[in-house]
Amino acid sequence: MNKSASVVIVGGGIVGTAIAYYLTQKGMKDVVVLEKSYISSGATGRCAGGIRQQWSESSNVRLAMRSVRHFENFKKDLGADIEYIQGGYLLLAFDDEEEALFGKNVAMQRGEGLDVSILRKHEIQYRFPYILLDDVKLASFCPTDGHANPHLANFAYARAARENGARIYTRTRALGIDVTNGRIAGVETDRGHIQTGVVVNASGGFSHEVGHMAGVDIPTESFRHQIMVTEPVEHILDPMIISFSRNFYIRQTFSGNIMMGQGDEDDKPSFNHDPSWRFLTEMARKMPQLFPFLKNIRVLRHWAGLYNMSPDAQPIIDKAEKVSDYYCAVGFSGHGFMLAPAVGEGLADWIIHGEPQEVDLSNLGLDRFTGEVVRERNVV
Ligand SMILES: Cc1cc2nc3c(=O)[nH]c(=O)nc-3n(C[C@H](O)[C@H](O)[C@H](O)COP(=O)(O)OP(=O)(O)OC[C@H]3O[C@@H](n4cnc5c(N)ncnc54)[C@H](O)[C@@H]3O)c2cc1C
């Protein structure tokens, strides 16, 4: 194992490997990634792979739009097919409050340059006849949203970073971060010590703990989220469909499986990865009411992963104040897969050039939680 590195990234999920890819692509040498398990073992490999630009906070819209440009060029840039499909994202509104919120959000998103529109009930019926719309008021739809296979994307970033010279150590856990006089001196791992002056915390659900290793207080907590897939069926769903008030999302994979999930509303912060019967029974009851085609489809698999939540449900991308050259890219609050390309690009520039350059990370700092917290609303 390397005895020293220019940068040590803790976490080999989509975020850590995207940062490693962009750092090495931009010419940085001696980049090391530590992954305590295997690539894609964390939230990334457990996520739905949704890629959406329809957010209630403009900083998320901008980051997601920039990421979409990277996803559109992924095959060309990284030479990997990640089953990326731009079938759109349909957001369903069920009550007056959501109707008003969608109107406001769509106006803001269009102001950011996003191709997004409100669909009235008859338009939804015409375009997506497989949804039972009894309780639906309206929807918003963005045709350039979509989804991809998160494993393939994570593997592709890891492979490309390795080809560029990064060293990725799997089964290697960061145990501690040495800080001397406010500067990073190295990282202690269960396979030895690595001398370095720069650390990036990209440890997903463990961000608070990896912050603690350097004495940096990161206000994140992890919550279990569950998801399931059915047996493969004929192609039916182009878009990914989501509802915030009904707490679900659904999409069809490349190979035909229907994938769906919901948040565990009353779960406490934890590292619990156990799938629950309650999730299965709630989903089995709820989903066919809106999507009757699900009635006779068998469930194949069901699993859980961690949402790393920040107080305002937006990521925390920052450089710590008290410990120099300690960066974090954490707290993605259920949308880190889709934001990883832009965050990887911006953070790599920040480390190399001292600022994020073209990617706007200005509203995502650690110091934003002192006053009133404005929460991202479009989260399941
Ligand atoms: C059920 C579910 C559905 C989701 N759906 C979506 C979606 O549709 N779209 C979307 O954009 N996002 C979605 N997300 C969120 C998304 O998965 C995450 O935001 C994203 O994967 C975060 O990536 P990451 O690299 O930060 O974290 P991870 O993928 O969790 O990677 C962090 C890695 O750090 C490693 N690690 C932790 N501590 C240490 C240590 N001390 N030493 C070494 N390694 C360490 C872990 O093993 C892990 O592999 C979903 C999440 C879940 C759980």
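Colleague: What share of the 380 residues in the protein chain is buried?

Modeller: In this predicted model, buried residues make up 60% of the 380 residues in the protein chain. A residue receives that name if its relative accessible area is under 20%.

Colleague: Why does the radius of gyration of the protein chain agree with that of a compact globule?

Modeller: A compact globule with 380 residues would have a radius of gyration near 21 Å, and the protein chain has 20 Å, so the two agree. Along its principal axes, the C-alpha trace spans about 65 × 40 × 40 Å. The secondary structure comes to nine helices and 19 strands.

Colleague: Why is Ser 333 called buried or exposed?

Modeller: The relative accessible area of Ser 333 is 0%, and the limit for a buried residue is under 20%. Ser 333 is therefore buried. Its place is in the loop between strand S19 (326-330) and H9.

Colleague: What is the phi of Ser 333?

Modeller: Ser 333 is a residue other than glycine, and its phi is positive, near 55°. As background, most residues other than glycine have a negative phi.

Colleague: Why does Asn 247 count as buried or exposed?

Modeller: Asn 247 has 8% relative accessibility, and buried means under 20%. Asn 247 therefore counts as buried. This residue lies in the loop between strand S14 (240-243) and strand S15 (248-252). Asn 247 has a positive phi of about 60° although it is not a glycine.

Colleague: Why does Glu 372 count as buried or exposed?

Modeller: The value for Glu 372 is 73% relative accessibility, and exposed means over 50%. Glu 372 therefore counts as exposed. Glu 372 belongs to the segment after helix H9 (336-353). From C-alpha to C-alpha, Glu 372 and Asp 312 are 9.8 Å apart in space, and they are 60 residues apart in sequence.

Colleague: Why does Gln 195 count as buried or exposed?

Modeller: Gln 195 has 51% relative accessibility, and the limit for an exposed residue is over 50%. Gln 195 therefore counts as exposed. This residue is found in strand S11 (residues 192-195).

Colleague: Which residues is Gln 195 in contact with, leaving aside its neighbours within four places in sequence?

Modeller: With those neighbours left aside, the contacts of Gln 195 are Lys 3, Ser 4, Ala 5, Ala 185 and Gly 186. Gln 195 and Ala 5 are 190 residues apart in sequence, yet 6.3 Å apart in space, C-alpha to C-alpha.

Colleague: What makes strand S13 (residues 221-232) largely enclosed by the rest of the structure?

Modeller: Ten of the twelve residues of S13 are buried, so the strand is largely enclosed by the rest of the structure.

Colleague: How do you know that S13 and strand S17 (residues 299-309) pair?

Modeller: Pairing requires at least two bridges, and S13 and S17 have ten, in the antiparallel sense. Val 229 stands opposite Arg 301 in S17. S13 also pairs in the antiparallel sense with strand S16 (residues 257-263), over six bridges. In S16, Gly 263 is the bridge partner of His 225.

Colleague: How many bridges join strand S9 (residues 174-180) to strand S10 (residues 183-189)?

Modeller: Six bridges join S9 to S10, and the strands run antiparallel. Val 187 in S10 is the bridge partner of Ile 177. In this hairpin, with two residues between the strands, Asn 181 takes a positive phi near 50°.

Terms used
Residues are numbered from 1 along each chain as its sequence is written. This is a predicted model: local features need pLDDT of at least 70, side-chain atom pairs count only at pLDDT 80 or more; totals for chains, interfaces and linings use all residues. Side-chain values use heavy atoms; hydrogens and water are left out. Helices (H or I, at least four residues) and strands (E, at least two) are DSSP runs, numbered from the N terminus. The radius of gyration is taken over C-alpha atoms; the globule rule is 2.2 Å times the number of residues to the power 0.38. Buried means under 20% relative accessible area, exposed over 50%, partly exposed in between (1.4 Å probe, protein chains only). Contact means heavy atoms within 4.5 Å.
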